[in-house]
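Here is a briefing on the structure below, grouped by topic for quick reading.

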Amino acid sequence: MFEGLRFNHWKTSVGDDGVVTLTLDRADSSVNAISRAVLDELEQIVERLAIEKPAGVIVHSAKPAGFAVGADIKAFVEYAKQDSVLENIEHGQRVYEALARLPCPTVAAVHGTCMGGGTELILACRQRIAADDDKTKIALPEVMLGIHPGWGGTARLPRLIGATEALPLMLTGKSLSAKRALALGVVDRLARPDDLLVEARLLLRHPATRPFARRAKAWASNSWLARQILAPMVYKQTAAKVRKEHYPAPFAMIDVWRRGGSAIRQRLKIEARSVAKLAQSPTAQNLIRIFFLQERLKGQGGGTEHGITHVHVVGAGVMGGDIAAWVALKGFEVTLQDREMKFVQPALDRARALYEKKLKAPEKVEAAMRRLRADVEGSGAASAELAIEAIYENARAKEALYASIEPQFQADEILASNTSSIPLDELRKGLKAPQRFLGLHFFNPVAQMPLIEVVRHDMLDPAVEKRALAFCKAIGKLPVAVKGTPGFLVNRILMPYLLEAMRLYSEGVPGPVLDREAKKFGMPMGPIELADTVGLDVCASVGKELAPFLGLELPPGLDEKLATGKRGKKDGQGLYVWQDGKPEKPEVDKDYVTPPDVQERMILPMVNEAIACLADGVVDDADLLDAGVIFGTGFAPFRGGPIQYARSEGADKLKARLEQLAQRYGDRFKPKHGWELPALAQNGFALPAASVD
């Protein structure tokens, strides 16, 4: 059937039963990213299949990691630069539509990761079967890149499972497990991983019948009337979560679905034009850049064996206990030490709640709990390959603890501190092996925040740093290596923002106004709510440590709050009153006029400090700085990070605005050193250097 045709990315075989198996195996890659070359070859294959009319076609992947990770994002960036996104989107649509129109049954056999363009490929097949395995994940996550599905996802998924189920999946990019995909009708059958292709053949011969109720629901939810009624409702729900001016893709996708008629060609045409328009937006360019920054952080731990199986954590407070719980969740043996069992037990209780939420199956929960053991005596330090200190922020107390732990080490154990602000050059002074000491600064809440600052000092062994980076990767976190100066990277940049917000609060600007202005800029949480969530005591502690270094002062009123025991969310009262874990924000007088420079007073100190960090070499380059601040603080992702924001707004313009603020409000706004750095002059969109092959 395929005589004379040679393919680099597809393998073809024809069985005795006349069934053709198409195996996607992208050359020179460990995963299947769907490139133009992959599509060009598939186009040739489908043209031949349309002529030959085989008994059936099975599409699957040869990669152990999964079916496909989606479209080739680097190629997509090049299309955007060349203004050829529309042509390439339309090409992919034509190939998939030709597959969908084959005059024979087609089945996609899915295992592992199936994302974006890979999911759109399986949607172009008549039926789908998935490996019944925890590794199977199916999603259309394009909104996370500032675009939406473009190879037929918006045209096919709502018609397959109904708009009320399909739209939330595409608007959030949420992954489906194999069982959930079956329940929704995204796949038609599940199979044991070893039997996937055998079962796919059976599905070809005996197609699954879609229940009438499901077909009727899909039809009804996509009728013209349903689209006109549902679209505004979904639009309103989406607007409650994100701003259209910040993230246009979800709103564009709702509009694409609303305007799409019964004809597939019309739906595809609207879809393609929408994606091409979004691809040119600053939001898409910045979110794609962040995607590559994330991949760069993930890759930092590659190629090194961390050699860690047992981790000993000292300090069972919120941070230490949650670090221990997370590490055990990821498969490591963990011992958790504190002065008495009454301090350890709450951490074990929180760990169980985390495992029940994440793992669900009782046997998996119990297995994780067995990996996390209370260790009041601290005997685990002697057998651990990594000891993490997570006690309160006091240099003398930490040094005393190290003096008791270090003599127990047997060989090349790593000692790490979770300090959030104390310079490591100070903490390492009494150590016998300072070369194996570093910082592993986790962020609260540990289970949600992806970043870990791997903190360096002047005597750190580079091999130990690499082991630490590999460990961070093994526990599913994003590491960024930072210099051990006060506040490191994230707190050094975050503290000017929080302190200025609290100063504005003390000047009489209502907390809800400050939170609203910060969220209007794009921060995920307002600074007053954030200060209460972190804890006013923690803010004060870190603020006192950093204020002299940063040339700042603690705002008035903070000590009085702490003196009355009002530390924020954990006490039920701080700058806000908290009820059931949520702040009760007071109503703002309707006649209140927000000062016009409130947003700048909060945001520009962050940018100013970020540029000083870059000049001081706190991180290795501007890309890593933006990544650290985005993943450590949630800094408006669609803006690309503080350095990218300074580039896009114009460094000279922001510097001049800081000078104006300094004249009006004081020296804390004076532009710091670094505004003349060449990195700030870069204009336009560029991939992070480390992401380019």
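Buried means under 20% relative accessible area, exposed over 50%, and partly exposed in between. Phe-292, at 6% relative accessibility, therefore counts as buried. The model is predicted. The points below cover a sheet with its helices, a hairpin, an enclosed helix, aromatic rings, cysteines and one buried asparagine.

**The eight-stranded sheet**

- An open sheet holds eight strands with mixed pairing. Their order is β14-β13-β12-β15-β16-β17-β18-β19.
- The edge strands are β14 (372-374) and β19 (478-482). Each has a single partner strand, so one side of each has no neighbour in the sheet.
- From one strand to the next, the twist averages 25°.
- Strands β12 (residues 310-314) and β13 (residues 333-337) run parallel and are joined by five bridges. Val-314 has Gln-337 of β13 as its bridge partner.
- Strands of a sheet pair through backbone hydrogen bonds, either parallel or antiparallel.

**Helices across the sheet**

- Helix α14 (residues 318-329) lies across β12, β13, β14, β15 (386-389) and β17 (437-442). Its angle to β13 is about 165°.
- Helix α13 lies across β18 (451-455) and β19. The angle between α13 and β19 is about 80°.

**The β1-β2 hairpin**

- Strand β1 (residues 10-14) pairs with strand β2 (residues 19-24) in the antiparallel sense. Five bridges hold this pairing.
- Trp-10 has Leu-24 of β2 as its bridge partner.
- Four residues lie between the two strands of the hairpin. Gly-18 takes a positive phi there, near 85°.

**Helix α27 and its surroundings**

- How much of helix α27 (residues 642-649) is buried? Six of its eight residues are, so the helix is largely enclosed by the rest of the structure.
- The buried residues are Pro-642, Ile-643, Gln-644, Tyr-645, Ala-646 and Arg-647.
- Their cover includes α13 (282-299), α21 (511-521), α25 (598-616), α26 (622-633) and α28 (651-665). Helix α13 thus appears in two places: across β18 and β19, and in the cover of α27.
- Gly-650 follows α27. The phi of Gly-650 is positive, near 100°.

**Aromatic rings and charges over them**

- A pair of aromatic rings is described by the distance of the centres and the angle of the planes.
- The count of aromatic pairs is nine.
- One of them joins Phe-291 and Phe-292, edge-to-face. The centres are 5.2 Å apart, with 75° between the planes.
- Phe-291 has 27% relative accessibility and counts as partly exposed. Its partner Phe-292 is buried, at 6%.
- Tyr-665 and Phe-669 form a tilted pair, because their planes stand at 55°. The ring centres are 6.1 Å apart.
- Tyr-665 is partly exposed, at 22% relative accessibility. Phe-669 is buried, with a relative accessible area of 1%.
- Phe-521, Phe-635 and Tyr-645 are linked by ring pairs into a cluster. Tyr-645 is also among the buried residues of α27.
- Arg-639 lies over the face of Phe-521, at 4.1 Å from the ring centre.
- Lys-477 lies over the face of Trp-326, at 4.3 Å from the ring centre.

**Cysteines**

- How many disulfides does the model contain? The count is zero.
- Cys-125 is in no disulfide. The nearest cysteine sulfur is that of Cys-104, 9.9 Å away. Cys-125 counts as buried, at 4% relative accessibility.
- Why is Cys-539 without a bond to another cysteine? The closest cysteine sulfur, in Cys-613, is 18 Å from that of Cys-539, too far for a bond. A disulfide needs the two sulfur atoms within 2.5 Å.
- Cys-539 counts as buried, at 2% relative accessibility.

**Asn-491**

- Is Asn-491 buried or exposed? Asn-491 counts as buried, at 10% relative accessibility.
- Asn-491 sits in helix α20 (residues 490-506).
- Leaving aside neighbours within four places in sequence, Asn-491 is in contact with Ser-420, His-441, Pro-496, Val-542 and Leu-546.

Conventions. Residues are numbered from 1 along each chain as its sequence is written. This is a predicted model: local features need pLDDT of at least 70, side-chain atom pairs count only at pLDDT 80 or more; totals for chains, interfaces and linings use all residues. Side-chain values use heavy atoms; hydrogens and water are left out. Buried means under 20% relative accessible area, exposed over 50%, partly exposed in between (1.4 Å probe, protein chains only). Contact means heavy atoms within 4.5 Å. Rings of Phe, Tyr and Trp (its six-membered ring) pair if their centres lie within 6.5 Å; planes under 30 degrees apart count as stacked, over 60 as edge-to-face and the rest as tilted. A charge sits over a ring if NZ of Lys or CZ of Arg is within 6 Å of the ring centre and within 35 degrees of the ring normal. Two strands pair if DSSP finds at least two bridges between them. Axes are lines fitted to C-alpha atoms, for helices over the stretch in contact, and angles run from 0 to 180 degrees between N-to-C directions.
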